[in-house]
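Thank you all for coming; today I would like to walk slowly through one structure, and I will pause where a term may be new. Please have the sequence and the model open in front of you while I talk.

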Amino acid sequence: MFATALIVFRETLEAALFIGIVAAATRGIAGRTLWLSAGVMSGMVGALALAAGAESIGAWADGIGQDLVNVWILTIALLMLAWHCIWVSTHGREMSQEAKQLGTSTRDGERAPWALALAVGLAVLREGAETVLFVSGFVTGSSSGSHTMLIGSALGLLAGSLLGLLMYFGLSRIRPHRLFAVTNTLVLLLAAALASQLARTLAQSGLVTVWSDSLWDSSWLLAADSPLGTFLHALIGYDARPSGLQLAFYVCAIAIIGIATRQMRLRQARRWHPNPVLGT
Amino acid sequence: MNTGFTLGVSLRCLLATAMLSACAFAHAGDPEANLVIRNHRFDPAELKIPANQRVKLTVHNQDDTPEEFESHQLNREKLVPPGSKVVIFIGPLKPGRYDFWGEYNEATAKGVVVAE
């Protein structure tokens, strides 16, 4: 039962942290609960469908169908996070300045967080499909003791979700005007983590062959399957033996999003004239 | 709109990077290796493959439960649905031993890739 709980916990953790961070990043935006719930729900429905079709998908394209699906999921999720980082770091700052001047913390004027809702849905889809497949394996399979395994799965799911909640409430304690900076950095690192996973999936499927050697081995310092390693893998994409391609994707994601954000801010700064009477 | 423009530029940068790094695509000449999962065990448990070459590894899960092929040393992780065959490209590897296991049945599903 414990082993089952641990496996489900590991699968859940990544999506749960993702949701926790996104929920904190969208605090105060009108309708965000609805958007994020819609993202999570459609991700769950998609996960059931993906798990149901796993056998036929796996056989696609000469046995790399699963990787192809993951490449698409990761790419779209990555673009959504990039979009959020670039958009919110410019408009979001404007909004929080306005909010401060008006003495309120509402962010009613902000656009619906559809990009983040979609990214959340995709995270749930990817991790959820694996969990569904795993759980359905011992429900329909021949292995004995499926009853205790179901309890184990439920416990794992609960523990993973709890960590997501902890992340959310932890971030919620940060004061509103600093919350932007913190959640934006976290979303940026999530994006980089997705980019690194994308690189690994491309190599595993044989689509990309270059820079496949691992650059270093830090498993003696922090093993990937240790609790902290698992946590950091989910949060910032920690890998004990990253390939050159993974590091390249990781750094490129941060650089591209960073440069685009800077350019947007410069553009914004030219247009944005703070009111000298209200400015602090 | 500016946002769209910037995103467009970033998209193009991303695409360019992807294409640059993908200059060498899969080719037919990769040596192949096969693994079978039966009763939550890998067969063969010790898989010999040529070193310094990329290898096309086919994993056939003959159980009626899913398995996840996982290896930190090979930097690979892939689901193998019940009754399915999946392909995982590994390497090129330096000569040595590389542990792998089935995440869903860690107690029994263990193996090692020997590159030589």
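Let us begin with helix α3 of chain A, where A:A54, A:G58 and A:G63 are buried. These three residues cover an arc of only 50 degrees around the axis, and they therefore sit on the same side of α3(A). As a reminder from the textbook, an α-helix has 3.6 residues a turn, so residues three or four places apart point the same way.

Before I go further, I should say that this is a predicted model, with an ipTM of 0.83 and a pTM of 0.86. Chain B has an average pLDDT of 84, and 76% of its residues score at least 70. Over residues 20–26 of chain B, however, the pLDDT is below 50, although this stretch has 14 contacts in the model beyond near neighbours in sequence. Where pLDDT is low, the predicted coordinates should not be read in detail.

Staying with α3(A), what does this helix lie across in chain B? It lies across β4 and β7 of chain B, and it runs at about 50 degrees to β7(B). The helix, which spans residues 54–63, also contains A:D62, a residue other than glycine whose phi is positive, near 65 degrees. Is A:D62 buried, exposed or partly exposed? It counts as partly exposed, because it has 14 C-beta neighbours inside 10 Å, and a residue needs 20 or more to be called buried.

Now let us turn to chain B itself, which has one helix and nine strands, with the helix coming ahead of the strands when we read along the sequence. Of its 116 residues, 41% count as buried. If we take the contacts in chain B with a separation of 6 or more, residues 24 or more positions apart account for 58% of them.

Four of the strands form an open sheet in the order β2-β1-β4-β7, with mixed pairing. The edge strands are β2 and β7 of chain B, each of which pairs on one side only, and the twist averages 25 degrees from one strand to the next. Within this sheet, β1(B) pairs with β4(B), residues 55–61, in the parallel sense over six bridges, and B:I37 has B:N61 in β4(B) as its bridge partner.

Some loops of chain B also deserve a look. In the loop between β1 and β2 we find B:H40, which has a positive phi of about 60 degrees although it is not a glycine. With 17 C-beta neighbours inside 10 Å, B:H40 counts as partly exposed. In the loop between β2 and β3 lies B:P44, which is joined to B:D43 by a cis peptide bond with an omega of about -5 degrees. A cis peptide bond also joins B:G91 and B:P92, where omega is about 5 degrees, and B:P92 belongs to the loop between β7 and β8.

Finally, let us consider the nonpolar residues in the interior. The largest nonpolar core has 104 residues, and those with the most contacts inside it are A:L81, A:V120 and A:A191. Helix α5 of chain A, residues 114–140, provides the largest share of this core, 16 residues. If we leave aside neighbours within four places in sequence, the contacts of A:V120 include A:F18, A:I19, A:V22 and A:L36.

Key:
Residues numbered from 1 in each chain as written. Chains lettered and ligands numbered in written order. Predicted model: local features only at pLDDT ≥ 70, side-chain atom pairs only at ≥ 80, totals over all residues. pLDDT = per-residue confidence, 0-100. Contact = placed C-beta atoms within 7 Å. Helix = DSSP H or I, 4+ residues; strand = E, 2+ residues; numbered from the N terminus. Buried ≥ 20, exposed ≤ 12 C-beta atoms within 10 Å, placed from the backbone. Arc of directions from axis to C-beta. Core = buried A, V, L, I, M, F, W, Y, C linked by C-beta atoms within 7 Å. Pairing = 2+ DSSP bridges. Axes fitted to C-alpha atoms, helices over the stretch in contact; angles between N-to-C directions.
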